[in-house]
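Q: I'm new to reading structures, so please pick one part of this one and take me through it slowly. Please explain the terms as you go.

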Amino acid sequence: MKSAHEPGYLLVVDDNKVNRILLARGLEGDGHKVETAENGKQALDKLRRDAFDLVLLDIEMPEMNGYQVLETCLQDPELRDIPIIMTSSLDEIDSVVKCVELGAEDYLNKPVNPILLRARVNASLEKKRLRDEQRKLFRTFATKEVADELLKTGFSLGGKYVNASVMFADIRSFTTIGEKQDPTDTIELLNNYFALMFEAIIGNNGTVNQLEGDGLMAIFGAPIHQDGHREHAVRAALEMMELLKGFNVEQAAQNKVRIKIGIGIATGKVIAGFTGTQYRATYTCVGDTVNLAARIEEHTKEAQRPILIDQYTSEGLSNDIEVETLGPMLFKGKKQAIHIFAVKPN
Amino acid sequence: MSIINRVTFNELKQMSGADFINELIDAFLDDAPDMIQNMHTALDTKDVESFRRNAHSLKSNANTFGATELGVLAKELEFMAKENNLEIGNRLEVLNETFGKVAEELKGMRI
């Protein structure tokens with residue numbers, strides 16, 4: 001019977017030949033590519049040599065048993081993301097529970113029921129594909145460390161309060177630019193521009209968590225707490241301005257439109273967490289600090305300064321960053337006036 | 001108790017496909033005598049762990065083919081070994097005889 005699911009590359013580990021043949025043939029019949037190993041050592045060798053999508057692991061084996069293989073895999077950063085389904089006889093239920101507690105993905109009783117086999121294997125492969133996709137997504141939006149941490153701690157959709165610096169940036173008069181030129185040029189401009197801005201943000205430990213049109217939102221100090229996130233945010237902003245200079249030189253050389261941007265940063269308590277569904281989630285932040293950062297960014301045009309920050313952000317900077325006070329400002333939706341500071345680009 | 005439970009065997013045939021049932025039977029008929037031999041050796045050397053593991057494998061395979069009686073005998077020996085008890089009387093001989101019957105019947109069930 002053919003499966004509607006995408007095939008995977010599977011490793012069947014069992015010291016018993018009958019079990020190996022049975023599992024391997026069943027899975028091959030489902031369209032998967034299957035490799036087998038007779039004991040734990042052989043399994044680890046194969047796992048280290050090839051990139052498998054899933055392992056079916058027997059518990060009872062001579063030399064190195066299923067536990068030891070499972071533990072070794074979970075401790076190895078290169079192997080710990082491969083889902084492992086334990087296969088065992090019914091009377092080994094205690095061992096199975098232990099394995100699942102340790103971190104095994106699932107289990108199957110032997111003799112294996114073909115329908116359950118197909119269902120569990122496909123579900124595990126699907127979950128792995130989602131995790132792989134999420135990792136890829138995170139790596140484009142955040143540093144490797146953040147992506148790893150997020151994957152390690154899992155995707156609980158619950159939120160929490162964190163102290164973080166929030167940045168908003170957008171391109172001035174972008175609508176006008178878009179109206180004046182070819183749509184292909186506009187999209188190319190945006191892509192080149194975002195590539196540079198991402199570099200500056202991610203390089204300063206930030207995470208880009210929203211893109212909307214020509215605007216972006218980034219967060220510093222969350223999801224993983226980092227001291228110095230205020231300075232990281234401002235250094236990212238300075239680097240963005242620096243990269244933009246080079247970008248505009250190139251644009252001018254090609255007789256293309258040059259752009260100006262505004263960046264607003266505010267620091268404080270934000271509610272951060274994953275929002276969305278199990279299948280499509282994004283790390284987002286909401287709260288007063290986020291609104292304030294957006295308002296400050298809007299104000300850059302009127303203030304005629306490219307980088308504006310709030311007081312709390314300005315208090316977290318080292319001396320080499322030059323800051324000019326612009327005095328208190330009353331923003332829409334805020335009861336109290338906010339002291340605003342302009343950061344001087346290098 | 002039947003030597004081979006036909007319902008279980010037919011399910012197995014369905015799962016593995018008719019093409020592979022012969023391969024499976026051959027693998028079992030190849031491996032099982034080794035397991036029984038290993039149990040004899042383990043008994044002589046008082047290697048409880050090896051005895052238990054081989055009994056476990058034999059039980060697992062017996063159940064896969066629907067060899068119910070053989071499965072029960074192997075399971076009993078596995079559990080005795082788990083309790084560190086190798087005073088098994090003539091149970092291994094009984095198991096060996098039963099396997100002989102299972103082997104005969106399985107040979108006739110090859111396609």
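A: What follows is a close look at chain B, with a short look at chain A at the end. This is a predicted model, in which local features need pLDDT of at least 70, side-chain atom pairs count only at pLDDT 80 or more, and totals for chains, interfaces and linings use all residues. Residues are numbered from 1 along each chain as its sequence is written, while chains are lettered from A and ligands numbered from 1 in the order in which they are written.

Let's start with the overall layout. Chain B has 5 helices and 0 strands (these are DSSP runs numbered from the N terminus: H or I over at least four residues for helices, E over at least two for strands). Read from the N terminus, its elements go α-α-α-α-α. Chain B has 111 residues, and 37% of them count as buried (buried takes 20 or more other C-beta atoms within 10 Å of the residue's own, exposed 12 or fewer, partly exposed in between, with C-beta atoms placed from the backbone). Now take the contacts in chain B between residues at least 6 apart in sequence: 63% of them join residues at least 24 apart (a contact needs C-beta atoms, placed from the backbone, within 7 Å).

Next, zoom in on one helix pair. Helix α4 of chain B, residues 68–82, packs against helix α5 of chain B, residues 91–109, at about 155°, and their axes are 9 Å apart (axes are lines fitted to C-alpha atoms, for helices over the stretch in contact, and angles between N-to-C directions run from 0 to 180 degrees). Because of that angle, α4(B) is roughly antiparallel to α5(B) (under 35 degrees is roughly parallel, over 145 roughly antiparallel, 65 to 115 roughly perpendicular, the rest oblique). The two helices, α4(B) and α5(B), cross in a left-handed way (the near helix is turned anticlockwise from the far one by less than a right angle; clockwise would be right-handed).

Who touches whom here? On the α4(B) side you'll find B:Glu69, B:Leu70, B:Leu73, B:Ala74, B:Glu76 and B:Leu77, and they meet B:Arg91, B:Val94, B:Leu95, B:Thr98, B:Phe99 and B:Val102 of α5(B). Sorted by class, that contact has 8 nonpolar, 1 polar and 3 charged residues (Ala, Val, Leu, Ile, Met, Phe, Trp, Tyr, Cys and Pro are nonpolar, Asp, Glu, Lys and Arg charged, the others, Gly among them, polar).

Now for the place where the chains meet. Chain B puts 16 residues into the contact, and chain A puts in 15. On chain B's side, the elements giving two or more residues are α1 (6–16), α2 (18–45) and α3 (48–65). Helix α3(B) gives the most, with 7 residues. That side of chain B has 5 nonpolar, 8 polar and 3 charged residues.

There's also the largest nonpolar core, which has 59 residues; A:Leu11, A:Val13, A:Leu57 and A:Met86 touch the most other members (a core is a set of buried Ala, Val, Leu, Ile, Met, Phe, Trp, Tyr and Cys residues joined through C-beta atoms within 7 Å). Helix α2(B) supplies the largest share of this core, 9 residues.

Finally, a glance across at chain A. It has 11 helices and 13 strands, and 39% of its 346 residues are buried.

Note on methods: Contact = placed C-beta atoms within 7 Å.
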